[in-house]
Protein chains: 2
Amino acid sequence: MTETATGVRKRRGPRGEYAKSSATREAILDAALEVFASGYNSGSLRDIANRVGMSEAGLLHHFKSKSILLQAVLDLRDERSRDLVDFDDEDAVEPLRGLVALARHNSSVPGVVELYCTLSAESTAPEHPAHAYFQRRYVSVRESLTGTFERLIADGRLLPGISPERAAIATIALMDGLQVQWLLDRDVVDMGDALKEFFDGLIVGGI
Amino acid sequence: MTETATGVRKRRGPRGEYAKSSATREAILDAALEVFASGYNSGSLRDIANRVGMSEAGLLHHFKSKSILLQAVLDLRDERSRDLVDFDDEDAVEPLRGLVALARHNSSVPGVVELYCTLSAESTAPEHPAHAYFQRRYVSVRESLTGTFERLIADGRLLPGISPERAAIATIALMDGLQVQWLLDRDVVDMGDALKEFFDGLIVGGI
DNA sequence: GTCTATATTTTGATAGAC
DNA sequence: GTCTATCAAAATATAGAC
């Protein structure tokens with residue numbers, strides 16, 4: 001069996017035996033992203049199935065339940081966005097530039113921003129199907145970013161008196177909060193500019 | 001008729017003719033706050049009615065629909081939290097201290113934090129019943145806070161090169177984002193400390 | 001003001017034919 | 001792999017008795 005934890009059957013190749021199934025799964029995942037962007041609870045399988053042009057039963061053949069589908073959407077996003085920011089670059093300022101680039105990139109994919117914004121808030125409820133996912137995710141990002149700020153201290157680039165972990169927490173908080181305001185009114189804030197200004201106030205000589 | 005826009009009948013007095021009705025309404029609003037804290041869409045009138053100990057029909061006698069009940073919850077929270085921060089104090093640093101105090105106070109009422117966190121994210125969707133409410137709210141808070149930073153500039157207290165509106169946007173974003181991380185793991189961050197550290201890096205001599 | 005009863009929709013999920 | 005048919009549960013809301 002070639003099944004992952006969330007039931008994702010691996011594609012055999014461009015003309016492999018699972019090719020059609022794989023294409024359908026991708027279409028479902030794309031539609032699910034759009035629908036779940038308004039929230040997991042308010043989005044329905046019917047809506048997703050309609051967008052793909054198939055029945056609910058057909059959809060459930062690929063993803064056995066609604067919550068499994070959500071997991072798959074999040075896993076796919078992780079896969080696609082990994083390595084957009086390189087926390088291991090020799091220049092410790094580079095990850096910060098990467099985050100600014102990520103913020104700018106996000107401005108071109110409002111659906112993805114809405115998905116993470118809505119789900120991260122929704123999932124603060126312990127019974128939410130993405131609760132554990134977001135807990136893990138925040139721990140992981142916080143660790144990586146804390147490491148970056150530790151190296152910046154070693155390089156004498158971080159303003160004195162700032163704890164690396166608190167800088168990481170504040171950076172993540174700023175990015176998250178900017179998304180809410182941006183989604184409510186996209187003209188009010190440029191997420192990339194705002195984040196860069198924050199870093200420039202934190203790093204000796206700016207980023 | 002003494003009805004407000006959201007159908008809130010005003011109490012006539014401690015022994016007024018609407019006394020019982022008013023007490024029931026408050027009980028409903030308290031329960032609704034708890035239930036809507038997990039999201040408007042995922043919360044049900046049945047759940048709220050059960051917590052109050054009455055039927056759904058009885059509940060709907062006081063609030064004609066689910067969305068009207070949500071509006072009433074938000075209106076009540078506004079009423080109770082107004083004047084916690086005085087943006088008109090003669091000392092322009094005082095509002096910032098007020099926001100730190102607010103952040104510390106919020107740590108004692110996780111339900112309220114969860115309500116705003118979840119609903120503000122959910123309501124970025126244009127069809128959400130609280131969409132207009134949160135758009136207005138963010139515009140209003142941003143304006144007040146921008147004014148505070150303008151006065152801090154006039155007083156020579158804001159670090160040079162920082163735009164008042166951007167400082168306001170970043171402050172609000174930071175507060176919102178801290179809430180998400182705090183709700184996911186309350187041990188990871190002290191919202192008051194984090195906000196104060198941010199202000200100390202922004203204001204000459206600290207707050 | 002509160003209840004029971006009910007209408008109406010919508011939902012996630014299953015069974016089984018093709 | 002996809003469909004039709006169907007189920008069972010849950011939701012919001014209304015009507016009308018008390």
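Biologist: Let's start with helix H6 of chain B. Which of its residues are buried?

Modeller: In this predicted model, the buried residues of H6(B) are Val113(B), Glu114(B), Leu115(B), Cys117(B), Thr118(B), Leu119(B), Ser120(B), Ala121(B) and Glu122(B). A residue counts as buried if 20 or more other C-beta atoms lie within 10 Å of its own.

Biologist: What span should H6(B) have, and what do its end C-alpha atoms give?

Modeller: The idea is to allow 1.5 Å a residue. H6(B) has 13 residues, so a span of 18 Å is expected, and the end C-alpha atoms are indeed 18 Å apart.

Biologist: Let's turn to the contact between the chains. How many residues of each chain take part?

Modeller: In general, the size of an interface is often given as the accessible area lost when the parts come together. Here we can count residues instead: 35 residues of chain B are in contact with 35 residues of chain A.

Biologist: Which helices of chain B supply at least two residues each to the side that touches chain A?

Modeller: H6 (110–122) is one of them, joined by H7 (131–154), H8 (164–184) and H9 (191–200). H8(B) gives the largest share, 14 residues. By class, this side of chain B has 18 nonpolar, 11 polar and six charged residues.

Biologist: Now the DNA. Which residues are closest to strand C?

Modeller: Strand C is surrounded by 16 residues, with Ser21(B), Met54(B), Ala57(B), Gly58(B) and His61(B) the closest. Two or more residues come from each of H2 (45–52) and H3 (56–62) of chain A, and from each of H1 (19–36) and H3 (56–62) of chain B. The surface near strand C has six nonpolar, seven polar and three charged residues.

Biologist: And which residues come nearest to strand D?

Modeller: For strand D they are Ser21(A), Met54(A), Ala57(A), Gly58(A) and His61(A), out of 17 residues around the strand. Here H1 (19–36) and H3 of chain A, with H2 (45–52) and H3 of chain B, each give two or more residues. The classes near strand D are six nonpolar, seven polar and four charged.

Biologist: Stepping back, how many helices and strands does chain A have?

Modeller: Chain A has nine helices and zero strands. Its C-alpha atoms fill a box of roughly 60 × 35 × 30 Å along the principal axes. Of its 207 residues, 38% count as buried.

Biologist: What part of the contacts in chain A joins residues 24 or more positions apart?

Modeller: Among contacts with a separation of 6 or more, such pairs account for 56%.

Note on methods. Residues numbered from 1 in each chain as written. Chains lettered and ligands numbered in written order. Predicted model: local features only at pLDDT ≥ 70, side-chain atom pairs only at ≥ 80, totals over all residues. Near = placed C-beta within 6 Å. Helix = DSSP H or I, 4+ residues; strand = E, 2+ residues; numbered from the N terminus. Nonpolar A, V, L, I, M, F, W, Y, C, P; charged D, E, K, R; others polar. Contact = placed C-beta atoms within 7 Å. Expected span 1.5 Å × (residues − 1). Buried ≥ 20, exposed ≤ 12 C-beta atoms within 10 Å, placed from the backbone.
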